[in-house]
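Got the viewer open? Keep the selection box handy, and we'll walk through this one stop at a time.

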Amino acid sequence: MSDESLTIGEVSERTGLGIHTLRYYERQGLLLGSVARSSGGRRRYSAFDVEWLQLCNRFRACGMPLSDIRRYAELVAAGPGNEQQRLELLRTHEIRVRAELAQMTENLAVIEAKARLYAEHVESGTAGTLWTGQTPTCLALEAMANRDS
């Protein structure tokens with residue numbers, strides 16, 4: 001890591017977080033310490049701050065609540081000795097993410113089956129009969145139900 005000092009605008013560009021979000025994260029205690037200030041009182045971020053914020057972005061992107069990110073930040077900032085607590089927090093979130101992935105995979109299977117159904121009907125020239133009461137209303141769901149039986 002370099003000794004590079006970055007403005008809030010530069011950090012916003014590097015992390016994809018808005019300036020207001022960066023200030024909010026700081027107020028919410030999501031950073032590992034206080035953000036340095038210039039002699040004029042402007043925030044000056046380090047490369048480490050950017051890396052930490054990118055990790056926070058990953059956590060948020062997969063649905064980790066801000067309260068869990070804050071708790072994780074508190075544990076990391078406290079230093080060695082709480083690794084088991086960090087692990088438990090991460091494993092708990094991992095379980096949530098895996099459950100969401102399973103649900104998304106199931107949802108994707110329905111979409112894929114529906115798309116195959118439409119492709120078959122478009123190819124055969126019978127697409128106009130879909131969802132008209134002339135064919136079962138959701139063959140994709142029926143096909144999935146039969147697959148699971």
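Contact here means heavy atoms within 4.5 Å. With that cut-off, take the contacts between residues at least 6 apart in sequence: 50% of them join residues at least 24 apart. Bear in mind that what you are looking at is a predicted model.

**The whole chain**

Start with a cartoon view of everything. You should find 6 helices and 2 strands, and reading along the sequence gives the pattern α-α-β-β-α-α-α-α. Now colour by accessibility: of the 149 residues in the protein, 28% are buried.

**Stop 1: helix H1**

Select residues 8-15, which form helix H1. Show side chains for Ile8, Val11, Ser12 and Thr15, the buried residues of this helix. Which side of H1 do they sit on? The same one, because they span an arc of only 105° around the axis. The spacing fits a general rule: an α-helix has 3.6 residues a turn, so residues three or four places apart point the same way.

What lies over those buried residues? The cover includes helix H2 (19-27), strand E2 (43-44) and H3. Before leaving, click on glycine 16, just after H1: its phi is positive, at about 80°.

**Stop 2: H1 against H2**

Add H2 to the selection. The axes of H1 and H2 are 9 Å apart, and the helices pack at an angle of about 100°. The two are therefore roughly perpendicular to each other, since angles from 65 to 115 degrees fall in that class.

For the contact itself, pick Ile8, Gly9, Val11, Ser12 and Thr15 on the H1 side, and Ile19, Leu22 and Arg23 on the H2 side. Colour this contact by class and you get 4 nonpolar residues, 3 polar and 1 charged.

While you are in H2, look at histidine 20. Is it buried or exposed? Histidine 20 counts as exposed because its relative accessibility is 64%, and the cut-off for exposed is over 50%. Try a distance label from histidine 20 to isoleucine 8: they are 12 residues apart along the chain, and their C-alpha atoms are separated by 9.6 Å.

**Stop 3: H1 against H3**

Hide H2 and bring up helix H3, residues 47-61. Here the axes of H1 and H3 come within 10 Å and cross at roughly 45°, so these helices are oblique to each other. The crossing is right-handed.

To see who touches whom, select Val11, Arg14 and Thr15 of H1 together with Val50, Leu53, Gln54 and Asn57 of H3. By class, that contact of H1 with H3 holds 3 nonpolar, 3 polar and 1 charged residues. Val11 and Thr15 should look familiar: they also take part in the meeting of H1 with H2.

**Stop 4: serine 46**

Step back into the loop between E2 and H3 and select serine 46. Serine 46 counts as partly exposed because its relative accessibility is 25%. Which residues does serine 46 contact, leaving aside its neighbours within four places in sequence? Glu4 and Leu6. Draw the C-alpha to C-alpha distance from serine 46 to glutamate 4: the two are 6.0 Å apart in space and 42 residues apart in sequence.

**Stop 5: H4 against H5**

Now select helix H4 (residues 66-78) and helix H5 (residues 83-124). Their axes are 9 Å apart, and the packing angle is about 155°. That makes H4 roughly antiparallel to H5, because angles over 145 degrees belong to that class. H4 passes H5 in a left-handed crossing.

On the H4 side, show Asp68, Arg71, Tyr72, Leu75 and Val76; on the H5 side, Gln85, Arg86, Leu89, Leu90 and Arg96. The class colouring gives 5 nonpolar, 1 polar and 4 charged residues in the contact of H4 with H5.

**Last stop: leucine 117**

Stay on H5 and go to leucine 117. Buried or exposed? Leucine 117 is buried, as its relative accessible area is 9% and the limit for buried is under 20%. For a final distance label, join the C-alpha atoms of leucine 117 and leucine 130: the separation is 9.2 Å, for residues 13 apart along the chain.

Key:
Residues are numbered from 1 along each chain as its sequence is written. This is a predicted model: local features need pLDDT of at least 70, side-chain atom pairs count only at pLDDT 80 or more; totals for chains, interfaces and linings use all residues. Side-chain values use heavy atoms; hydrogens and water are left out. Axes are lines fitted to C-alpha atoms, for helices over the stretch in contact, and angles run from 0 to 180 degrees between N-to-C directions. Helices (H or I, at least four residues) and strands (E, at least two) are DSSP runs, numbered from the N terminus. Angles under 35 degrees count as roughly parallel, over 145 as roughly antiparallel, 65 to 115 as roughly perpendicular and the rest as oblique. A crossing is left-handed if the near helix is turned anticlockwise from the far one by less than a right angle, and right-handed if clockwise. Ala, Val, Leu, Ile, Met, Phe, Trp, Tyr, Cys and Pro count as nonpolar, Asp, Glu, Lys and Arg as charged, and the others, Gly among them, as polar. Buried means under 20% relative accessible area, exposed over 50%, partly exposed in between (1.4 Å probe, protein chains only). The arc is that of the directions from the helix axis to the C-beta atoms.
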